[in-house]
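Please keep the sequence and the coordinates side by side while reading. The paragraphs below move from strands to a sheet, and from there to a set of aromatic side chains.

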Amino acid sequence: MQDNLALIARTTAQYEPVTMAVRQGDLASAAQKCGPDVELVVAPLDDLWMRDMGPVFVHNMEKKPGAINFNFNGWGKKQGHRNDAKIADFVTAQTDVQPIPAPIVLEGGAIEVDGNGTALMTESSILNPNRNPGLTKAQCETKLKSLLGLRKIIWLPGIRDHEITDGHIDFYARFVRPGIVIAANDPNPQSFDHAVTQTHLKILQNATDAGGNPLKIVTLDAPQTIRPTFDNPDFAAGYVNFYIINGAVLIPEFGDHLADRHAKETLRPLFPNRKIIPLNIDGIAAGGGGIHCTTQQQPKL
């Protein structure tokens with residue numbers, strides 16, 4: 001997993017500045033693996049999922065930046081998170097932005113926005129009593145619209161309890177830009193994700209954005225085979241968990257040559273000004289996450 005993290009960091013650093021939080025005991029190893037182009041900051045950590053535990057950066061109407069702390073609670077208290085619960089404030093303190101407390105519990109991987117007032121989210125993670133007991137869907141919407149500058153949330157059902165995140169949106173559907181959504185499809189009828197991805201596709205195909213415009217849906221099929229080295233029940237095999245950086249898009253590849261090639265060829269015309277870069281992140285996938293899960297972008301100040 002450390003080698004995979006270093007690969008993501010080194011690749012990203014070719015296109016934009018990268019800062020990595022590392023434990024004191026891992027500092028020397030991280031410096032050796034990441035090289036001189038990645039800034040390392042020592043911080044107490046329990047795990048590696050910066051997308052979920054870190055702050056979510058926003059701008060207000062005056063274009064002033066802020067960082068929202070969404071009160072990470074270990075995905076509904078499924079995992080120890082004493083240090084990770086503090087990392088959003090730690091990261092915010094390293095930047096010159098206003099800290100914004102949130103009256104709601106969720107993770108960054110539960111949020112997908114188009115930058116124009118529309119968001120995609122799953123009910124299974126956000127509307128879950130292990131995060132927000134007693135809050136209704138309407139109450140959650142009101143809070144999230146205010147915090148994130150949204151006009152409409154398109155809710156997908158997701159799936160609870162099968163994996164630790166309770167079905168984060170960043171494995172199911174992502175915006176390319178306003179009006180274009182990349183959606184996961186699991187073509188294997190025996191997979192736990194087959195039915196839920198079919199349901200999501202139907203919802204998205206009939207949905208409109210905040211301006212009332214229909215969405216163009218592009219599907220990415222999950223790989224049907226993976227390399228055996230890290231194969232386990234938690235392995236997260238899907239291409240939707242890509243990470244958009246300045247000049248490139250980082251996507252996972254799993255050794256299923258047909259599916260890997262199809263994912264790259266599908267994404268290339270959707271991001272004409274960015275290079276599509278496949279990375280082997282099997283160690284991270286074996287832990288139930290992907291490239292997007294380990295990263296968190298900060299807007300330029």
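A residue is called buried when its relative accessible area is under 20%. The model is a predicted one, and with that cut-off in mind Tyr-239, whose relative accessible area is 2%, counts as buried because 2% falls under 20%. Phe-254 is likewise classed as buried, with a relative accessibility of 1%. These two residues return further on, once the strands around them have been introduced.

A convenient place to begin is strand β4, which spans residues 65-69 and is mostly covered, with four of its five residues buried. Strands of a sheet pair through backbone hydrogen bonds, in either a parallel or an antiparallel sense, and β4 has a partner of each kind. With strand β3 (residues 56-59) it runs antiparallel, and four bridges join the two; within this pairing, Pro-65 of β4 is the bridge partner of His-59. The two strands form a hairpin with five residues between them, and in the turn Lys-63 has a positive phi of about 70 degrees. With strand β5 (residues 98-101), by contrast, β4 runs parallel, again joined by four bridges, and here Ile-68 stands opposite Ile-100 of β5.

Further along the chain there is an open sheet of three strands, in the order β12-β13-β14 and with mixed pairing. Its edge strands are β12 (243-245) and β14 (275-279), each of which pairs on one side only, and the twist from one strand to the next averages 25 degrees. Three bridges hold β12 and β13 (residues 248-252) in an antiparallel arrangement, with Ile-244 bridged to Val-249 in β13. Helix α1 (residues 2-13) lies across β12, β13 and β14, and runs at about 165 degrees to β14.

Which residues does Gly-290 touch, if those up to four places away in sequence are not counted? Gly-290 is found in the segment after α10 (282-286), and its contacts are Trp-49, Phe-171, Asn-241, Ile-281 and Ile-284. Gly-290 counts as buried because its relative accessibility is 5%. Between Gly-290 and Pro-252 there are 7.5 Å from C-alpha to C-alpha, although the two residues are 38 apart in sequence.

The aromatic side chains come next. A pair of aromatic rings is described by the distance of the centres and the angle of the planes, and the structure holds four such pairs. In one of them, the rings of Tyr-239 and Phe-254 have centres 5.4 Å apart and planes at 65 degrees, so the pair is edge-to-face. Tyr-239 lies in the loop between β11 (216-221) and β12, whereas Phe-254 lies in the loop between β13 and α9 (257-267), so the pair ties together parts that are 15 residues apart in sequence. Together with Phe-235, these two residues form one aromatic cluster.

The rings of Phe-242 and Phe-271 also make an edge-to-face pair, because their planes stand at 70 degrees, with the centres 6.0 Å apart. This pair links distant parts of the chain, 29 residues apart, with Phe-242 in the loop between β11 and β12 and Phe-271 in the loop between α9 and β14. Both Phe-242 and Phe-271 are buried. Phe-242 has a charged neighbour as well, since the charged end of Arg-174 sits over its ring, 4.3 Å from the centre.

Technical notes: Residues numbered from 1 in each chain as written. Predicted model: local features only at pLDDT ≥ 70, side-chain atom pairs only at ≥ 80, totals over all residues. Heavy atoms only, no water. Buried < 20%, exposed > 50% of the residue type's maximum accessible area, 1.4 Å probe, protein only. Pairing = 2+ DSSP bridges. Axes fitted to C-alpha atoms, helices over the stretch in contact; angles between N-to-C directions. Contact = heavy atoms within 4.5 Å. Phe/Tyr/Trp six-rings, centres within 6.5 Å; stacked < 30°, edge-to-face > 60°. Lys NZ or Arg CZ within 6 Å of the ring centre and 35° of its normal.
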